[in-house]
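User: Could you walk me through how the helices pack in this two-chain model? I would like to go through it one question at a time.

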Amino acid sequence: MPNEPTQNRKESATDEPPPVGGSWTTLYAAVLLNLAALVVLFYLFTRAFG
Amino acid sequence: MRTLDWIVLLAAMAGIVAYGLWKGRRTRDLDDFLVADRRQRWHHVALSIMATQASAITFLSTPGQAFTDGMRFVQFYLGLPVAMVVLSITAVPIYQRLKVYTAYEYLEGRFDLKTRTLAAALFLVQRGLSTGVSIYAPSVILSVIMGWDIRVVILIIGASVMLYASLGGARAVDNANFLQFLIIMGGMIVAFVTLVRLLPADVSFLEATRVAGKLGRLNAIDFSFDIHNQYNFWSGLVGGCFLALSYFGTDQSQVQRYLTGESIAQSRLGLLFNGLVKVPMQFFILFIGATVFAFYQFTQPPVFFNPVEAEHARTGQHGAQFRAIESEYAAAFEAKRAAALGYVGALRSGDAAATETAAQTLKAAQERAGTVRAGAIEIVKEFDAKPSDANYVFLSFVTRYLPAGVVGLVLAAVFLASMSSTASEWSALAGTSVVDIQRRLVRRGAGDRYYFVSSKLATAFWGLFAVLFAQYAGHLGSLIEAVNRLGSLFYGTMLGIFLLAFYFKRVGGTAAFVGAVAGELVVLYCFFFTQVAYLWFNVIGALAVIAAALAVNPLTKRQK
């Protein structure tokens with residue numbers, strides 16, 4: 001096993017809730033829903049102008 | 001270039017260098033230099049990530065791509081938001097908790113030294129070579145369109161970046177990236193608004209957009225599946241997701257950006273913001289290209305957008321023929337313009353049959369103009385085996401038609417885009433060289449001050465290497481194309497190694513190493529002996545690494 005400073009450093013970063021949305025799961029869902037909405041919009045855009 | 005353009009361009013560049021130097025003036029140790037003391041807020045992380053990914057070529061080539069091929073390239077980015085979510089869940093907490101300087105540092109703790117060194121070496125080779133191209137590619141376009149000496153353009157970009165990146169490190173780079181990205185997007189928005197105002201007074205923006213759409217430039221989504229097709233929904237979503245996972249999760253030039261976040265939450269928010277806005281941003285840049293296409297349906301474009309190659313053709317062996325084609329192209333354009341106006345008139349009438357007839361006439365006129373242009377391209381082939389003027393379309397339009405001040409702003413955006421991605425690359429290359437190679441393999445335990453100075457020198461070294469590479473890149477011919485493809489050959493393997501590390505806890509170092517070598521061989525086989533579209537290399541490479549490692553793992557355990 002390595003004896004790098006990495007392994008000696010304290011695991012100091014803690015998980016904390018997001019500033020908006022209540023939970024990380026909500027934020028992840030928002031990003032994925034935004035993607036789904038964009039795909040639908042692009043499809044409608046292609047149909048309307050293509 | 002008018003005086004106002006020079007003022008805007010020079011003020012933007014000098015301002016960024018000064019801002020970078022000022023922000024990096026308090027850089028005192030290795031933590032500061034490599035990860036900005038892990039104090040950055042999410043909006044800095046987000047825009048720095050986006051500025052790193054969006055190179056000058058993004059803003060020069062993407063509109064040209066929409067001009068020539070339509071907007072289907074936007075699908076390339078569809079997998080990115082998914083990757084941002086996966087990395088926020090997986091990579092960010094691991095990297096942040098371990099407080100690593102580089103992504104490869106984590107691999108030694110998880111596997112062993114040889115796997116860490118292999119991953120670091122793959123990054124150094126791939127990114128080290130491509131950083132020269134990052135400067136060279138936009139410099140060629142700028143020098144051709146503006147008539148500037150390419151060596152001077154390369155030197156200006158290189159020297160500007162070297163000043164703040166080698167003195168201020170990641171803190172200077174990230175702060176400069178933040179401001180650069182705001183100026184870049186501001187420049188693109190101003191260019192778009194001005195472009196819309198340049199459309200003919202008797203044709204509305206919506207009507208011009210409909211003309212571009214009828215000629216196949218607004219094809220944003222294609223759900224058909226074809227493994228040989230680079231850009232459709234499936235290759236973008238799956239292949240693009242694997243590429244984004246690899247690029248944002250294993251490429252130190254991106255990992256370093258979110259390692260600067262002051263907490264897991266700040267780093268996550270930076271990535272998720274990128275997941276929210278990256279796709280619309282690319283859509284916008286492509287839409288600028290489609291609007292330039294619409295503009296050129298009513299204003300005559302050059303038959304070939306690279307002015308230097310067009311001039312060679314005009315004065316070369318087949319000059320008379322080229323000039324005759326230019327006259328023929330002018331006549332074909334007039335017919336096409338009349339057809340476009342006829343289509344707009346038919347749209348206004350609301351007569352479906354007349355609109356369909358006008359659309360067919362417009363398409364025929366477009367095809368005729370395309371045939372004439374193809375004749376011109378054949379002549380250009382005499383001195384350029386693969387002539388393509390897509391990269392020159394946008395800047396050619398900007399310098400011909402945009403007003404004073406806006407030209408300077410767009411040029412500033414191109415320079416700043418080149419500087420931001422280059423700065424991140426040099427900073428990451430320096431960090432990997434010092435942390436993963438020098439501190440681990442060459443000189444261990446030398447103290448923070450030693451590695452801090454080494455990092456500064458390493459940044460300068462990579463800057464010098466990139467500038468020299470860019471200066472000689474013009475003589476390297478097809479090697480440049482090879483370097484451009486290098487990333488797609490390594491990313492799958494890199495991702496496979498990290499996926500093993502994150503998700504396959506029973507797999508050991510030797511199995512991961514063997515899997516990586518086997519996966520790379522599979523990717524090279526696909527590259528040389530199949531017609532598989534390159535986005536799929538990332539999927540194939542990653543899965544091959546995992547499969548090979550899982551197969552070998554029991555054998556390595558038995559040996560122990």
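User: Is the crossing of α1(B) and α9(B) left-handed or right-handed?

Analyst: Happy to help! This is a predicted model, where local features need pLDDT of at least 70, side-chain atom pairs count only at pLDDT 80 or more, and totals for chains, interfaces and linings use all residues. Residues are numbered from 1 along each chain as its sequence is written, while chains are lettered from A and ligands numbered from 1 in the order in which they are written. A crossing counts as left-handed if the near helix is turned anticlockwise from the far one by less than a right angle, and as right-handed if clockwise; for α1(B) and α9(B) the crossing is right-handed.

User: What describes the packing of α1(B) and α9(B), roughly parallel, roughly antiparallel, roughly perpendicular or oblique?

Analyst: Helices here are DSSP runs (H or I, at least four residues; strands are E, at least two), numbered from the N terminus. Axes are lines fitted to C-alpha atoms over the stretch in contact, with angles from 0 to 180 degrees between N-to-C directions, and α1 (residues 3-23) and α9 (residues 150-197) of chain B pack at about 120° with axes 7 Å apart. Angles under 35 degrees count as roughly parallel, over 145 as roughly antiparallel, 65 to 115 as roughly perpendicular and the rest as oblique. The two helices are therefore oblique.

User: How many nonpolar residues does the contact of α1(B) with α9(B) have?

Analyst: Residues are in contact if their C-beta atoms, placed from the backbone, lie within 7 Å. Those meeting here include B:I16 and B:L21 in α1(B), and B:L163 and B:L167 in α9(B). Ala, Val, Leu, Ile, Met, Phe, Trp, Tyr, Cys and Pro count as nonpolar, Asp, Glu, Lys and Arg as charged, and the others, Gly among them, as polar. By class the contact has 5 polar, 2 charged and 13 nonpolar residues.

User: Is B:W6 buried, exposed or partly exposed?

Analyst: B:W6 sits in helix α1 of chain B and touches B:M1 and B:G408, leaving aside residues up to four places away in sequence. A residue is buried if 20 or more other C-beta atoms lie within 10 Å of its own, exposed if 12 or fewer, and partly exposed in between. B:W6 has 14 other C-beta atoms within 10 Å, so B:W6 is partly exposed.

User: Which residues of α4(B) make the contact with α8(B)?

Analyst: The axes of α4 (residues 56-69) and α8 (residues 113-146) of chain B come within 9 Å and cross at roughly 55°, and the crossing is left-handed. From α8(B) the contact takes B:A137, B:P138 and B:I141, and from α4(B) it takes B:A56, B:I57 and B:L60.

User: Which element gives the largest share of the side of chain B that touches chain A?

Analyst: The contact takes 34 residues from chain B and 25 residues from chain A. Elements giving two or more residues to the chain B side include α5 (80-89), α10 (205-214) and α13 (264-295). The largest share, 8 residues, comes from α13(B).

User: Which helix of chain A do the buried residues of α5(B) pack against?

Analyst: α5(B) is mostly covered, with 8 of its 10 residues buried, among them B:L80, B:V85 and B:L87. Along with α6, α11 (233-250) and α13 of chain B, these buried residues pack against a helix of chain A, namely α2 (24-49).

Methods: Two residues are in contact if their C-beta atoms, placed from the backbone, lie within 7 Å.
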